[in-house]
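Student: I should like to learn how to read the overall form and the charged contacts of a protein model. Could we work through a case together?

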Amino acid sequence: MALSIREVEALPPGKWKADIGRRGAGVLWVKGLSGGGAGFYFRHTRTDGQRDYLPVGSFDRDGRAGLTLEEARERAGELSRRYVAGDRDLRESLEEEARLRQAAEDQRRREEEEKQRATFGAMLNAYIEQLKADEKVSAPEVESSIRLHIEKPWPQLWQRPAAEVTTEEILQVVRRVVETGRLRQADKTRSYIRAAYSAAIRSHQDALYSQSMRDLRIISNPARDLVAIRGSRGVRHRHLSKAELKAYWKHISEMPEPFGPLLRFHLLTGGQRMDQLQRVLMSDLDRSGESFTMMDPKGKREVPRVHTIPLIPPALEAIRQMGGGEFGPHLFTISGGYKGASSWTIRDGQRPVLAAMEESGELENGVFTPGVIRATVETRLAEMAVPREVRGHLQSHGLSGVQERHYNKYEYFDEKKRALERLYEIL
């Protein structure tokens, strides 16, 4: 006869009573508990012949703090069907299932925690640290830009899991910089985000990347399809005419320290890249005093290119006047070598020169930046029929082809020196 709710409630402590069941399919039993109430059990025979009373749940008439009688029967019916289907050791099976569920839940929780740690900001920080570990000269600029244009204005995005950041969200980051009118900076911001994601993905195949980069578990790049900002990479058309160049030289040749020697050296060595000149040390001077050497990491070179620049006599005199080595090791300096001069230092030095040229009507197309000096040297040397390969080796550009990387190791030293001497002649 089937159990009734009244029978279950009246069951004395320690006493058992069975519900109706099908022979050989297991039976629902109820036991009075010593502390009051009752508990349900599913009795069945194990594969070793022993009877097992598998706990099903405690009894509660309303089903709030336990199982109603009907709910207990449903649960027993599920166990009975498994038992009849051949799962005889139900206790072990259920314990294993519980263990697997717990393991899956633990794994899900760990993945969620990892995802919360693998934020957009964590990825960008890991990218910055990778650049520093690789001794990339661009690392300070990249870090400064990321802090200014991403971390500070987008704190919520910075804390978002990197894997959940969308292309649209990155577009908004870049768009904010575009709206300031700084197109080049906007494109750099786009490029840094794209490169950070690419580095995180590549870290899974490249042992040289940091473990912190691999721990991000990034597998896709939402910035991959963002196109370059139109107008951000405009070709420089400004260069000084011969008259402007001669006027510029006249002003800086008469300019006292500390800026005069700095500007003269910059021009007389062919308008080298300022961020590279900033790193040149007195120890990079050739012992004979005929040249100095820079390491050029520009472009996608994995190993910086050794770049040797000849020194003509007035450039050597400018080195002497700059006084590098007096207070520090830097050669290109206005502080006796304590610090290397940056592009901003050159801009500061050029300001009074540009003002004087403007006042005297010597500027034909407006003021110019230090980068225009580099373009002017290239233009004037081309005008004097200095071959393209010599100009390229003098300014260390256009040397990324297979022939240059693997076969052409001639450094054109004499040709570069003659080119600088011809430049000095037209000054």
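The dialogue below turns from overall form to charged contacts.

Tutor: Please keep in mind that this is a predicted model. It contains 18 helices and 6 strands.

Student: What radius of gyration does the protein have, and what would a compact globule have?

Tutor: The protein has 39 Å, while a compact globule of 427 residues would have a value near 22 Å. The C-alpha trace spans about 120 × 45 × 40 Å along the principal axes. As to burial, 42% of the 427 residues count as buried.

Student: How many salt bridges does a search of the whole structure find?

Tutor: The search finds 28. One of the pairs to inspect is R61 with E9, whose closest N and O atoms are 2.8 Å apart. This pair links distant parts of the chain, 52 residues apart: R61 lies in the loop between β4 (51–58) and α2 (69–84), and E9 in helix α1 (residues 5–10).

Student: Are R61 and E9 buried or exposed?

Tutor: A residue is buried under 20% relative accessible area and exposed over 50%, with partly exposed in between. R61, at 47%, therefore counts as partly exposed, and E9, at 43%, likewise counts as partly exposed.

Student: What separates D348 and R351 along helix α14?

Tutor: About one helical turn separates them, because they are 3 residues apart in helix α14 (residues 343–359). They form a salt bridge with the closest N and O atoms 2.2 Å apart. Elsewhere, salt bridges that share partners join E129, K132, E143, R147 and E151 into one network.

How values were computed: Residues numbered from 1 in each chain as written. Predicted model: local features only at pLDDT ≥ 70, side-chain atom pairs only at ≥ 80, totals over all residues. Heavy atoms only, no water. Helix = DSSP H or I, 4+ residues; strand = E, 2+ residues; numbered from the N terminus. Rg over C-alpha atoms; globule rule 2.2 N^0.38 Å. Buried < 20%, exposed > 50% of the residue type's maximum accessible area, 1.4 Å probe, protein only. Salt bridge = Lys/Arg side-chain N within 4 Å of Asp/Glu carboxyl O.
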